[in-house]
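Good morning. I will take a few minutes on one structure and go through it contact by contact. Please have the picture open while I talk.

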Number of protein chains: 2
Amino acid sequence: MAVTIEDVAHLAGCSKTTVSRTFVLPGKVKEETRQRVLRAAEQLHYSPNAIARAMVTQRNYNIAFILYEKHFPITINPFYAAVYEAVHAEAERNGYGVLASSSRAVAQGETDLLMRKRVDGVIFAGQTDTDILFDLHAQGIPVVLVNNDIEGSDIVSIRSDEYGGTQQAVRHLIARGHRRIGMLSGQLFPYISEIRLRAFRETMLREGLPVDERYVYSIPATREAAIDTVTRMLAQPDRPTALFCNNDTTAVGAIKAALRAGLRVPDDLAVVGFDGSSVCTVIEPELTSVAVDTARMGRLAAASLIRMLNGETIDAQRVQLAARLVVRGSS
Amino acid sequence: MAVTIEDVAHLAGCSKTTVSRTFVLPGKVKEETRQRVLRAAEQLHYSPNAIARAMVTQRNYNIAFILYEKHFPITINPFYAAVYEAVHAEAERNGYGVLASSSRAVAQGETDLLMRKRVDGVIFAGQTDTDILFDLHAQGIPVVLVNNDIEGSDIVSIRSDEYGGTQQAVRHLIARGHRRIGMLSGQLFPYISEIRLRAFRETMLREGLPVDERYVYSIPATREAAIDTVTRMLAQPDRPTALFCNNDTTAVGAIKAALRAGLRVPDDLAVVGFDGSSVCTVIEPELTSVAVDTARMGRLAAASLIRMLNGETIDAQRVQLAARLVVRGSS
DNA sequence: ATGAAAGCGCTAACAG
DNA sequence: CTGTTAGCGCTTTCAT
């Protein structure tokens, strides 16, 4: 039914091997025969069967992008959506396809999804089941971590400067004259939440400002939870004049709560978010946010993985990307 | 290196065939041997190699999701992002992986991405190069269209009720007392834009209201273009009191323009969008929008494709989903 | 109920 | 520079 390498070989009057070579190692074929093969291939609308090729080369040019289930589906999370896009773009540029899935689907006996499909490598974004990680690692399947880090292991990881980003945000608010600054600590996965929270506390302290624990909220990282929390907070007489939120979604919730309470942003309440995701410019006033370079993060993750797939060595095992505060109307 | 079916056969003391059968046709294997094989497989951490399987069955349980380039990357477009998620979920539920790509990548000689990878079927979202479509169709590769329709062909398509949705939106504004209603016609792809524009005009007419052509804008479907356009519109003395926008992105732009001009939404300007995408609840006041059932759209597209892959027949070749106006604060 | 053999379409030694 | 041979790991007739 489908045209195979053999059909092309017949028409071009040569062996399968030569046809194969014209596609894989064009340099090793005489110009004349190469042309003949190419013409035959075109005439027959031949295109090499990647499955058959994968069968023998043991590589199928597909990688998996596994996102921590709480951030799934990808769409819902503007941050990881951006990372995914960058991964996808870099992968496609190198001839790789990307199979996306959630950590839950993977964990549910469907490690098979990874194993069966025989992806060449895997990118884990966000929290990760270490068992699966080591499983893959043991099987020699290259793995790259995004926004996570398994200490003590030699697994490649790409993260951003959580601490420095938070510091910039807090100092910015202080420079704007704020002294009572609260924090919305959305429950992202521990690794991230903890660093941002600690950075907040330490920076406040270092700048000589007290941290009022009544205004440090640990809440689910949803817009709804943020709206509820901030609405209640705004009813307090000595409420903060500024709020640092550990992601954009909760920051948007904070802005909405303030607007609904009839307050002005940033005059009555300044808000800063984290991630620099697409929602920053949807809300009005637009959200000041610590921008993580998600494009670079995804690109680097994919590029590193592909290098490993090619047997090349990785220069940096742990990469930390700079985070940069982008000031907009909300502060 | 990797454990194969043969290793399992040895350990279980049977032939490869029997091992294969325990996984594919468990009913055709004696309970006792089945157990023995299963135990051996588990012990060896065996998992069938999908590539080898694909090689012989000629199916690799991967489908492609091709999005019209102008809507790419998926992230950027909250509408198609939602469709993609639903496609992905339904596919995964059925053991299929999804390879996403843009129509541009596909068109650029890289039809191969589809051909080489030998996906079992393809979903095209938005505008489509008909040549590629017919190419695939000719090769017997099942295809499903989302938000598009090739008239006169027998290609399965899933769309939503553009006309009815628009009608609901316009009537809603009229019911709210608006008489001077403008329209922001973002340049989506022709098929969609035209229907929504025509529906707007016809509904206004039918309701006995004049369409002031000065306030029917055909603009790029971006937030920026919408902000520019609406900012200028608001400077007109006899400006509309309401605006129907043919997608949410431009509607958000309209709201932002009004707020920046110091106007109140919806009191000074009511805004209605189209799509019911995630941005509706990010902006404040939240956006009234014609909700397209993207979840169902994606699910149906994937389900239909998979049915075709299984050789089953499709009940409905052309499906039109109902659209429903969701009223929020912006009107 | 099970096994032997053939083959899916391709690449990779190894010769020539 | 080109061809021959031997698989990659699995499913599928066809026997038994």
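Between the two chains, 33 residues of chain B are in contact with 33 residues of chain A. On the chain B side, the elements that give two or more residues are α4, α5 (78-93), β2 (97-102), α7 (111-117) and α12 (248-260). Sorted by class, that side of chain B has 18 nonpolar, seven polar and eight charged residues. I should say now that this is a predicted model.

Next, the DNA, beginning with strand C. Which residues come nearest to DNA strand C? Of the 27 residues around the strand, they are A:T4, A:I5, A:S20, A:A52 and B:C14. Both chains appear in that list, with four names from chain A and B:C14 from chain B. The elements that give two or more residues to the surface near DNA strand C are α1 (5-12), α2 and α4 of chain A, together with α2 and α4 of chain B. This surface divides into 12 nonpolar, nine polar and six charged residues.

Now strand D. Here 25 residues surround the strand, and the closest are A:C14, B:T4, B:I5, B:S20 and B:A52. At least two residues each come from α2 (16-24) and α4 (50-57) of chain A and from α2 (16-24) and α4 (50-57) of chain B. The classes for the surface near DNA strand D are 12 nonpolar, nine polar and four charged.

Some of these elements also pack against each other, so a word on how that is put: two packed helices are described by the angle between their axes and the distance between the axes.

Take chain B. Helix α1 (residues 5-12) and α2(B) have axes that come within 8 Å and cross at roughly 105°. That angle makes α1(B) roughly perpendicular to α2(B). In the contact, B:I5, B:E6, B:V8, B:A9 and B:A12 of α1(B) meet B:K16, B:V19 and B:S20 of α2(B). Five of these residues are nonpolar, one is polar and two are charged. B:I5 and B:S20 were also among the closest residues to DNA strand D.

On to the next pair. α2(B) packs with helix α3 (residues 31-44) of chain B at an angle of about 95°, and the axes are 10 Å apart. So α2(B) is roughly perpendicular to α3(B). From α2(B) come B:T18, B:V19 and B:T22, which meet B:T33, B:R34, B:V37 and B:L38 of α3(B). This contact has three nonpolar, three polar and one charged residues. B:V19 therefore takes part in the contact of α2(B) with α3(B), and B:V19 is also in the contact with α1(B).

Now chain A as a whole. The chain is divided into domain 1 (5-57), domain 2 (62-159 + 294-321) and domain 3 (162-291). The C-alpha centres of domain 2 and domain 3 of chain A lie 30 Å apart. How many residues are in contact between domain 2 and domain 3 of chain A? Eight residues of domain 2 are in contact with eight residues of domain 3. The domain 2 side of that contact has four nonpolar, four polar and no charged residues.

Last, one helix pair in chain A. The axes of α11 (residues 223-234) and α12 (residues 248-260) of chain A come within 7 Å and cross at roughly 45°. α11(A) and α12(A) are therefore oblique to each other, and their crossing is right-handed. The residues of this contact divide into eight nonpolar, four polar and three charged.

Technical notes. Residues numbered from 1 in each chain as written. Chains lettered and ligands numbered in written order. Predicted model: local features only at pLDDT ≥ 70, side-chain atom pairs only at ≥ 80, totals over all residues. Near = placed C-beta within 6 Å. Helix = DSSP H or I, 4+ residues; strand = E, 2+ residues; numbered from the N terminus. Nonpolar A, V, L, I, M, F, W, Y, C, P; charged D, E, K, R; others polar. Axes fitted to C-alpha atoms, helices over the stretch in contact; angles between N-to-C directions. Parallel < 35°, antiparallel > 145°, perpendicular 65-115°, else oblique. Left-handed = near helix turned anticlockwise from the far one by under 90°. Contact = placed C-beta atoms within 7 Å. Domains from an automatic or database assignment.
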